[in-house]
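Work through the exercises below with the sequence and the structure side by side. Try each task before reading its solution.

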Amino acid sequence: MTQSAARPSAVIVLAAGQGTRMKSATPKIMHAIGGRSLVGHALAAAQSLTPEHLVAVVRHERDRVAEHIEAVADDLGIAGLAIADQDEVPGTGRAVELGLAALPADLTGTVVVTYGDVPLLTPETLATLVATHEADGNAVTVLTATLEDATGYGRIVRDAEGLVERIMEHKDALAHAETTGDSSFVEIAEVNSGIYAFDAALLRRTLPQLSTDNVQGEKYLTDVLGMARAEGGRVASVGTADVWEVEGANDRRQLSDLGRQLNDRVLRGWMKEGVTVVDPASTWVDVTVTLASDVTLKPGTQLHGSTEVATGAAIGPDSTLTDTTVGEGAVVKRTDATEAVIGAGATVGPFTYLRPGTVLGEEGKIGAFYETKKVTIGRGAKLSHLGYAGDAEIGEYANIGCGNITANYDGVDKHRTVIGSHVRTGSNTVFIAPVTVGDGAYTGAGATVREDVPAGALALNAVDQRNVDGWVVSRRAGTASADAARAAGAVGRDEAPGRAEGDERA
């Protein structure tokens with residue numbers, strides 16, 4: 001199974017670690033930044049190489065992690081991903097050995113090994129690693145980086161020709177310094193990222209020979225490099241100047257740092273494509289979001305999931321959109337929206353809550369302090385302020401008054417309200433679903449609509465108003481209201497001409 005240049009035969013993603021420093025009930029690789037889990041980012045980078053085979057090696061919370069990986073693979077369109085289980089034998093060498101066992105026995109060519117907790121590794125760097133490995137005919141090619149503080153990393157030890165002689169793990173470098181007084185290995189700043197391109201046949205020959213005779217008692221994958229050189233194989237490296245590409249997340253602080261770095265890169269990418277980001281420090285955009293040119297993102301904006309924003313739309317300030325589609329030229333401010341559709345030229349907000357199933361038509365409006373759910377709102381319709389619309393259909397150019405509510409729940413079942421086009425509703429109208437209001441109908445202020453309203457009709461059900469003269473002066477004597485009323489010429493009820501003394505019915 002020989003692969004073409006720059007395309008590996010397989011990628012093995014190591015995802016078996018427990019991640020105890022996260023102090024979390026969630027496995028480390030399932031923690032998310034930028035809208036994907038750590039292992040989701042790793043799988044996306046691996047898939048960018050279009051390998052023939054992709055294997056994930058798991059152990060900690062095996063079933064939960066495997067289910068998550070398979071779900072991510074499905075979302076990314078990765079077919080045929082294999083899950084390999086790491087056993088009791090510790091070490092990356094053993095993990096790769098078990099990953100290799102999940103691949104076809106006759107597989108040849110390049111095998112890439114990477115990690116499930118390195119989310120900023122780019123497809124471009126992986127492609128360079130594979131292309132260099134195959135072009136130079138290397139037995140092993142390792143991705144390296146130079147760090148200011150190399151604590152915890154394996155050091156790259158080079159020979160006189162500049163090729164990689166071996167990798168000395170940090171603890172072994174410390175032990176060597178303590179035993180011999182030679183700290184030269186500890187002082188090496190170039191480190192092993194743990195990401196490699198291997199010749200498949202080399203792995204099959206050497207992995208079974210690995211020993212746990214070292215400071216950590218593990219099967220070191222790095223020992224394969226020395227074995228390759230002993231066979232006469234060429235061991236070389238590809239360096240990355242971007243150290244964030246090889247950074248993993250071992251605790252919450254590192255996770256946060258990686259999240260910020262990823263978000264900065266996402267925003268810079270969109271700004272290059274013509275998106276205005278007013279305040280990158282307070283703006284967060286997932287890697288799965290799609291933005292068009294001339295979109296404006298104002299401070300405090302968060303865009304998550306499969307959100308799409310079309311040309312000329314303005315989002316924010318202080319808005320969170322999840323799996324939401326925004327049309328051209330729409331304006332969305334101080335809004336929380338999930339699984340909603342906002343039409344072209346529409347306006348939403350401020351202080352608006354769009355729940356799943358909200359569809360706002362072109363040039364429509366959902367205004368201040370409004371909540372919507374499972375509602376379709378026609379072109380040009382307006383729900384301006386202080387209301388709730390759920391399980392409803394509202395026609396084109398309807399104008400829904402302040403304080404209107406669709407009472408969709410009877411305590412057992414949800415019911416639907418249908419309001420026609422060009423309807424005008426008075427303030428504080430309540431629609432007791434199921435109910436239908438015909439095209440062009442009106443409702444009076446304070447109406448409670450329990451029955452269908454024919455097209456063009458006016459729905460009224462308020463009682464006639466009755467004024468009780470002098471009530472405040474008589475019943476609230478001594479209050480500021482009573483004083484103001486008397487100053488305006490009001491008299492008490494018992495002072496009014498024709499008033500029967502002692503009549504207190506009101």
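Relative accessible area sorts residues into three classes: under 20% is buried, over 50% is exposed, and anything in between is partly exposed. Keep in mind that this is a predicted model.

**Exercise 1. The annotated active site**

Find the residue that UniProt marks as "active site" and state its class: buried, partly exposed or exposed.

Step 1. The UniProt annotation, from an unreviewed entry, is placed at His385.

Step 2. Locate His385 in strand β28, residues 382–394.

Step 3. Read the relative accessible area of His385, which is 34%. This value lies between the 20% and 50% cut-offs, so His385 is partly exposed.

Step 4. List what His385 touches beyond four places in sequence: Ala368, Tyr370, Gly401, Cys402 and Gly403.

**Exercise 2. Two binding-site residues**

Asn408 and Ser427 are among the residues covered by the UniProt "binding site" annotation. Describe the setting of each.

Step 1. The annotation comes from an unreviewed entry and covers Asn408, Tyr409, Ser427 and Ala445.

Step 2. Start with Asn408, in the loop between β30 (405–407) and β31 (417–419). Its relative accessibility is 7%, so Asn408 counts as buried.

Step 3. Look at the contacts of Asn408, leaving aside neighbours within four places in sequence. They include Lys373, Tyr388, Asp391 and Ala433. With Asp391 there is also a side-chain polar contact of 2.6 Å.

Step 4. Turn to Ser427, in the loop between β32 (424–425) and β33 (430–432). At 35% relative accessibility, Ser427 counts as partly exposed.

Step 5. Beyond four places in sequence, Ser427 is in contact with Cys402, Asn404, Ala445 and Gly446. Ala445 is itself covered by the "binding site" annotation.

**Exercise 3. Cis peptide bonds**

Where do the cis peptide bonds at Pro350 and Pro434 lie?

Step 1. Gly349 and Pro350 are joined by a cis bond, with omega about 5°. Pro350 sits in the loop between β24 (347–348) and β25 (352–354).

Step 2. The bond from Ala433 to Pro434 is cis, with omega near 5°. Pro434 sits in the loop between β33 and β34 (435–437).

Step 3. Link this to the previous exercise: Ala433 is one of the contacts of Asn408.

**Exercise 4. Positive phi**

Examine Asp294 and Asp323, and give the phi, place and class of each.

Step 1. Asp294 has a positive phi, near 65°, although the residue is not glycine. Its loop runs between β14 (290–291) and β15 (296–297). With 54% relative accessibility, Asp294 counts as exposed.

Step 2. Asp323 has a positive phi too, near 50°. Its loop runs between β19 (320–322) and β20 (325–326). At a relative accessible area of 30%, Asp323 is partly exposed.

**Exercise 5. The faces of a helix**

Which residues of helix α5 are buried, and what do they pack against?

Step 1. Helix α5 spans residues 170–180, and its buried residues are His170, Asp172, Ala173 and Ala177.

Step 2. Look down the axis of α5. The buried residues fall within an arc of 165°, so they line one face of the helix.

Step 3. Those buried residues pack against β8 (155–158) and β9 (164–168).

Step 4. Now check the face turned away from the buried side. That face carries the exposed residues Glu178 and Thr179.

Step 5. Follow the chain past the helix end. Gly181 comes after α5, with a positive phi near 80°.

Note on methods:
Residues are numbered from 1 along each chain as its sequence is written. This is a predicted model: local features need pLDDT of at least 70, side-chain atom pairs count only at pLDDT 80 or more; totals for chains, interfaces and linings use all residues. Side-chain values use heavy atoms; hydrogens and water are left out. UniProt positions are given in the numbering used here, feature names are shortened, and annotations may be inferred rather than shown by experiment. Helices (H or I, at least four residues) and strands (E, at least two) are DSSP runs, numbered from the N terminus. Buried means under 20% relative accessible area, exposed over 50%, partly exposed in between (1.4 Å probe, protein chains only). Contact means heavy atoms within 4.5 Å. A polar contact is a pair of N or O atoms within 3.5 Å; within protein, one must be able to donate a hydrogen and the other to accept it, and residues adjacent in sequence count only if both atoms are side-chain atoms. The arc is that of the directions from the helix axis to the C-beta atoms.
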